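Me: Hi! I've got a model open and would like to walk through a few spots with you. Can we start with a loop?

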Amino acid sequence: MVENFLEEYAKLIVDYPEKIHTQRVDLGDDFVEIFIFADKADTGKLIGKNGKTINAIKTIISAYKSKEALSYRVTVKAIEES
């Protein structure tokens with residue numbers, strides 16, 4: 001659910017929404033890392049100036065903690081094109 005929200009939200013921000021995808025990695029009983037993969041040109045838009053955009057996204061995601069009792073870490077990664 002959280003990763004679907006992140007994927008749809010990220011598509012609204014970037015120039016290449018077709019390249020956005022997310023990956024959920026369960027790191028323990030109550031900790032999850034979600035990777036947002038984006039085009040290299042879009043990673044700056046997702047992070048924002050001084051990290052403001054990604055911090056706002058993390059604040060929204062932290063609200064899910066009260067509902068699901070899970071902690072989330074969100075990481076933006078550039079798609080490696082070969």
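Reply: Happy to! This is a predicted model, and a good place to begin is Asn50, which sits in the loop between α2 (43-47) and α3 (52-68).

Me: Is Asn50 buried or exposed?

Reply: Asn50 is exposed, because its relative accessible area is 70%, and the cut-off for that label is over 50%.

Me: And what's the phi of Asn50?

Reply: Phi is near 60 degrees there, so to speak on the positive side, although Asn50 is not a glycine. Most residues other than glycine have a negative phi.

Me: OK, switching to the sheet. How many strands, and in what order?

Reply: The sheet is an open one with 3 strands, ordered β1-β2-β3, and its pairing is mixed. β1 (21-26) and β3 (71-78) are the edge strands: each has a single partner strand, so one side of each lacks a neighbour in the sheet. On average, neighbouring strands here are turned by 20 degrees against each other, direction ignored.

Me: How do β2 and β3 run, and how many bridges join them?

Reply: β2 and β3 run parallel, with 8 bridges joining them. As one example, Val32 has Tyr72 in β3 as its bridge partner.

Me: Glu33 caught my eye. Where is it?

Reply: Glu33 belongs to strand β2, which covers residues 31-38.

Me: Buried or exposed, that Glu33?

Reply: Glu33 counts as buried because its relative accessibility is 11%, and buried means under 20%.

Me: Which side chains does the side chain of Glu33 make a polar contact with?

Reply: One is Arg73, whose side chain is joined to that of Glu33 by a polar contact of 3.2 Å. Another is Thr75, where the side-chain to side-chain polar contact is 2.7 Å.

Me: What else is Glu33 in contact with, leaving aside neighbours within four places in sequence?

Reply: Besides Arg73 and Thr75, the list has Gln23, Arg24, Val25 and Leu27.

Me: Nice. Last topic, the helices: how do α1 and α3 cross?

Reply: The axes of α1 (residues 2-13) and α3 come within 11 Å and cross at roughly 160 degrees. An angle over 145 counts as roughly antiparallel, and α1 and α3 are therefore roughly antiparallel to each other. Their crossing is right-handed.

Me: Which residues make that contact?

Reply: From α1 there are Val2, Phe5, Leu6, Tyr9 and Ile13. α3 brings Thr53, Ile57, Ile60, Ile61, Tyr64 and Glu68.

Me: Great, thanks for the tour!

Notes:
Residues numbered from 1 in each chain as written. Predicted model: local features only at pLDDT ≥ 70, side-chain atom pairs only at ≥ 80, totals over all residues. Heavy atoms only, no water. Helix = DSSP H or I, 4+ residues; strand = E, 2+ residues; numbered from the N terminus. Buried < 20%, exposed > 50% of the residue type's maximum accessible area, 1.4 Å probe, protein only. Polar contact = N/O pair within 3.5 Å; in protein donor to acceptor, adjacent residues only side chain to side chain. Contact = heavy atoms within 4.5 Å. Pairing = 2+ DSSP bridges. Axes fitted to C-alpha atoms, helices over the stretch in contact; angles between N-to-C directions. Parallel < 35°, antiparallel > 145°, perpendicular 65-115°, else oblique. Left-handed = near helix turned anticlockwise from the far one by under 90°.
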